[in-house]
Amino acid sequence: MIKLFEETPPRTECDCTACTQCCKEQPGPLAPGDLEKIRAHLPHLTNDQFLGLFRSSDGALVQLRGADGVVVQRRQRTIVPLYHRHRKACVFLDNDKCSIHAVKPAGCAIFDTHMDKGSAEARSYWLVMQQADDDYQEQRRQLKVSDHYRPRSY
């Protein structure tokens with residue numbers, strides 16, 4: 001049985017090359033409140049510059065198998081950091097290090113490449129439920145649509 005989180009799952013701190021490889025493939029999605037935390041971390045940017053660093057994404061398909069064997073699927077539209085096409089990485093990845101590591105998005109902060117599938121599924125479920133928030137979805141609708149979205153299943 002998957003342990004479901006009622007509160008924010010614990011942050012991971014790993015920034016090894018296997019984990020930062022994810023930043024080169026597809027930036028991690030934000031949870032409600034992440035945009036504000038990142039904004040406070042980057043006060044030198046104008047509002048337009050800041051919002052230009054994010055995109056609206058179709059989100060990932062999350063699949064969970066309950067104790068009864070029934071698979072539950074959900075696709076939730078998300079906010080993601082801009083994928084920098086020339087550098088082929090998240091806009092916040094600089095020399096293989098996250099420039100906003102202390103306030104990185106939930107999609108980066110609560111996952112790493114070393115966790116087992118059950119842990120990743122429980123965290124994915126928590127994140128998808130948070131992203132259903134009306135205010136979050138309104139923020140998402142104000143952003144340009146990502147052109148670097150590759151659907152994934154967790």
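Trainee: Which residues form the aromatic cluster?
Mentor: Phe50, Phe54 and Phe92 form one cluster. Keep in mind that this is a predicted model.

Trainee: How many aromatic pairs does the structure hold?
Mentor: There are 2 aromatic pairs. In one of them, the ring centres of Phe50 and Phe54 are 5.1 Å apart and the planes sit at 55°, so that pair is tilted.

Trainee: Why isn't 55° called edge-to-face?
Mentor: Because edge-to-face needs planes over 60 degrees apart, and stacked needs them under 30. An angle of 55° falls in the tilted class.

Trainee: And what are the distance and angle for Phe54 and Phe92?
Mentor: Their ring centres are 5.8 Å apart with the planes at 45°, so this pair is tilted too. It links distant parts of the chain, with Phe54 and Phe92 lying 38 residues apart. Phe54 is in strand β1, residues 54-57, while Phe92 is in the loop between β6 (89-90) and β7 (93-94).

Trainee: Are those rings' residues buried or exposed?
Mentor: Phe50 and Phe54 are buried, and Phe92 is buried as well.

Trainee: What about Gly52, where does that one lie?
Mentor: Gly52 is in the loop between α3 (47-51) and β1. With a relative accessible area of 29%, Gly52 is partly exposed. Its C-alpha is 16 Å from that of Glu138, and the two residues are 86 apart in sequence.

Trainee: Switching to pockets. What volume does the second largest pocket have?
Mentor: About 180 Å³. Its lining has 15 residues, and the closest to the pocket centre are Thr8, Arg11, Asp34, Lys37 and Ala106.

Trainee: Which helices supply at least two residues of that lining?
Mentor: α2 (34-41), α4 (106-109) and α5 (117-131) each do.

Trainee: How do the lining residues divide into nonpolar, polar and charged?
Mentor: The lining has 9 nonpolar, 2 polar and 4 charged residues.

Trainee: You mentioned α5. What span should its 15 residues have?
Mentor: At 1.5 Å a residue they should span 21 Å, and the end C-alpha atoms of α5 are 21 Å apart, which agrees.

Trainee: What caps the N-terminal end of α5?
Mentor: Asp116 does, with a side-chain oxygen 3.0 Å from the backbone nitrogen of Gly118.

Trainee: Which residues of α5 are buried?
Mentor: Ala120, Glu121, Ala122, Arg123, Ser124, Trp126, Leu127, Val128 and Gln131. Notice that Glu121 and Arg123 are on that list along with Leu127 and Val128.

Trainee: OK, backbone next. What is phi of Asn95 near?
Mentor: Near 55°, which is a positive value in a residue other than glycine. Most residues other than glycine have a negative phi. Asn95 sits in the loop between β7 and β8 (97-98). At a relative accessible area of 72%, Asn95 is exposed.

Trainee: And Asp96, what's its phi near?
Mentor: Phi of Asp96 is near 60°, again positive in a residue that isn't glycine. Asp96 is in the loop between β7 and β8, and with a relative accessible area of 36% Asp96 is partly exposed.

Trainee: Going on to β8, how accessible is Cys98 there?
Mentor: Cys98 lies in strand β8. Cys98 is partly exposed, at a relative accessible area of 26%. Its C-alpha is 8.0 Å from that of Thr20, although the two are 78 residues apart along the chain.

Trainee: Where's Ile79, and is it buried or exposed?
Mentor: Ile79 is in strand β4, residues 78-81. Ile79 counts as buried, with 0% relative accessibility. The C-alpha atoms of Ile79 and Thr17 are separated by 24 Å, with their positions 62 residues apart along the chain.

Trainee: Last one: where does Asp147 lie?
Mentor: In the segment after α6 (134-141). Asp147 counts as exposed at 61% relative accessibility. From Asp147 to Glu6 the C-alpha distance is 33 Å, and these residues are 141 apart in sequence.

Methods: Residues are numbered from 1 along each chain as its sequence is written. This is a predicted model: local features need pLDDT of at least 70, side-chain atom pairs count only at pLDDT 80 or more; totals for chains, interfaces and linings use all residues. Side-chain values use heavy atoms; hydrogens and water are left out. On a 1 Å grid over the protein atoms alone, a cavity is a set of points where a 1.4 Å probe fits but cannot get out, and a pocket is an open set with protein on both sides within 12 Å along at least five of seven lines; lining residues have an atom within 4 Å of a point. Grid points are joined across faces, edges and corners, and a volume is the space filled by probe spheres set on the points. Helices (H or I, at least four residues) and strands (E, at least two) are DSSP runs, numbered from the N terminus. Ala, Val, Leu, Ile, Met, Phe, Trp, Tyr, Cys and Pro count as nonpolar, Asp, Glu, Lys and Arg as charged, and the others, Gly among them, as polar. Rings of Phe, Tyr and Trp (its six-membered ring) pair if their centres lie within 6.5 Å; planes under 30 degrees apart count as stacked, over 60 as edge-to-face and the rest as tilted. Buried means under 20% relative accessible area, exposed over 50%, partly exposed in between (1.4 Å probe, protein chains only). The expected span of a helix is 1.5 Å times one less than its number of residues. A polar contact is a pair of N or O atoms within 3.5 Å; within protein, one must be able to donate a hydrogen and the other to accept it, and residues adjacent in sequence count only if both atoms are side-chain atoms.
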